[in-house]
Amino acid sequence: MVKKHILVGTIENVKKLCNVAMHTDCDIDLVSNRYVVDAKSIMGIFSLDLSKEIEIHVYTEDAAVADEFFAALGTMVR
């Protein structure tokens with residue numbers, strides 16, 4: 001599992017995050033305080049406070065998959 005922090009901030013970034021997550025072949029969760037949501041669920045993402053940093057968990061043993069995922073998110077990754 002790879003953990004990082006992201007700052008989503010905008011509706012366009014929510015769409016981008018959800019789209020990139022859907023095209024990644026592993027489970028991806030967003031963790032904000034005590035809430036955990038599936039990054040492939042646009043409704044789940046919108047239930048979080050997007051103005052604050054969110055921890056993201058990518059469940060893969062393949063570092064290349066995680067690196068590709070984070071590279072696709074661009075400036076959202078902190």
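**A walk through the helices and the sheet**

Okay, let's start with a crossing: helix H1 goes past helix H3 in a right-handed way. Before I go on, keep in mind that what you're looking at is a predicted model.

So who's touching whom here? On the H1 side, the contact is made by Lys16, Leu17, Val20 and Ala21, and on the H3 side by Phe69, Ala72 and Leu73. If you sort those residues by character, you get six nonpolar, one charged and no polar.

Now the geometry. H1 covers residues 11-22 and H3 covers residues 63-73; their axes come within 10 Å and cross at roughly 160 degrees. With the cut-off for roughly antiparallel set at over 145 degrees, that angle makes H1 roughly antiparallel to H3.

Let me stay with one residue from that contact, Leu17, which sits in helix H1. Is Leu17 buried or exposed? It's buried, with a relative accessible area of 0%. And look at what's around Leu17 once you leave aside its neighbours within four places in sequence: it's in contact with Ile6, Val8, Leu30, Ala39, Ile45, Ile56, Phe69, Leu73 and Met76. Take Met76 from that list: Leu17 and Met76 are 59 residues apart along the chain, yet their C-alpha atoms are separated by 9.0 Å.

Right, on to the sheet. In what order do the four strands of the open sheet come? The order is E1-E4-E2-E3, with antiparallel pairing. E1 and E3, the latter being residues 35-38, are at the edges with a single partner strand each, so one side of each has no neighbour in the sheet. From one strand to the next, the twist averages 25 degrees.

Let's zoom in on E4, residues 54-59. E1, residues 2-6, pairs with E4 in the antiparallel sense, over five bridges. You can pick out partners there: Val2 is opposite Val58 in E4, and Ile6 has Ile54 of E4 as its bridge partner. E2, residues 27-32, also pairs with E4 in the antiparallel sense, over five bridges. In that pairing, Leu30 has Ile56 of E4 as its bridge partner. You've heard those two names already, since Leu30 and Ile56 are both among the contacts of Leu17.

Last stop, how the helices and the sheet come together. Which strands does H3 touch as it packs on the sheet? They are E1, E2 and E4, and the direction of H3 makes about 145 degrees with that of E4. And remember that H3 also has Phe69, Ala72 and Leu73 in the contact with H1. That's my tour, thanks!

Technical notes. Residues numbered from 1 in each chain as written. Predicted model: local features only at pLDDT ≥ 70, side-chain atom pairs only at ≥ 80, totals over all residues. Heavy atoms only, no water. Axes fitted to C-alpha atoms, helices over the stretch in contact; angles between N-to-C directions. Helix = DSSP H or I, 4+ residues; strand = E, 2+ residues; numbered from the N terminus. Parallel < 35°, antiparallel > 145°, perpendicular 65-115°, else oblique. Left-handed = near helix turned anticlockwise from the far one by under 90°. Contact = heavy atoms within 4.5 Å. Nonpolar A, V, L, I, M, F, W, Y, C, P; charged D, E, K, R; others polar. Pairing = 2+ DSSP bridges. Buried < 20%, exposed > 50% of the residue type's maximum accessible area, 1.4 Å probe, protein only.
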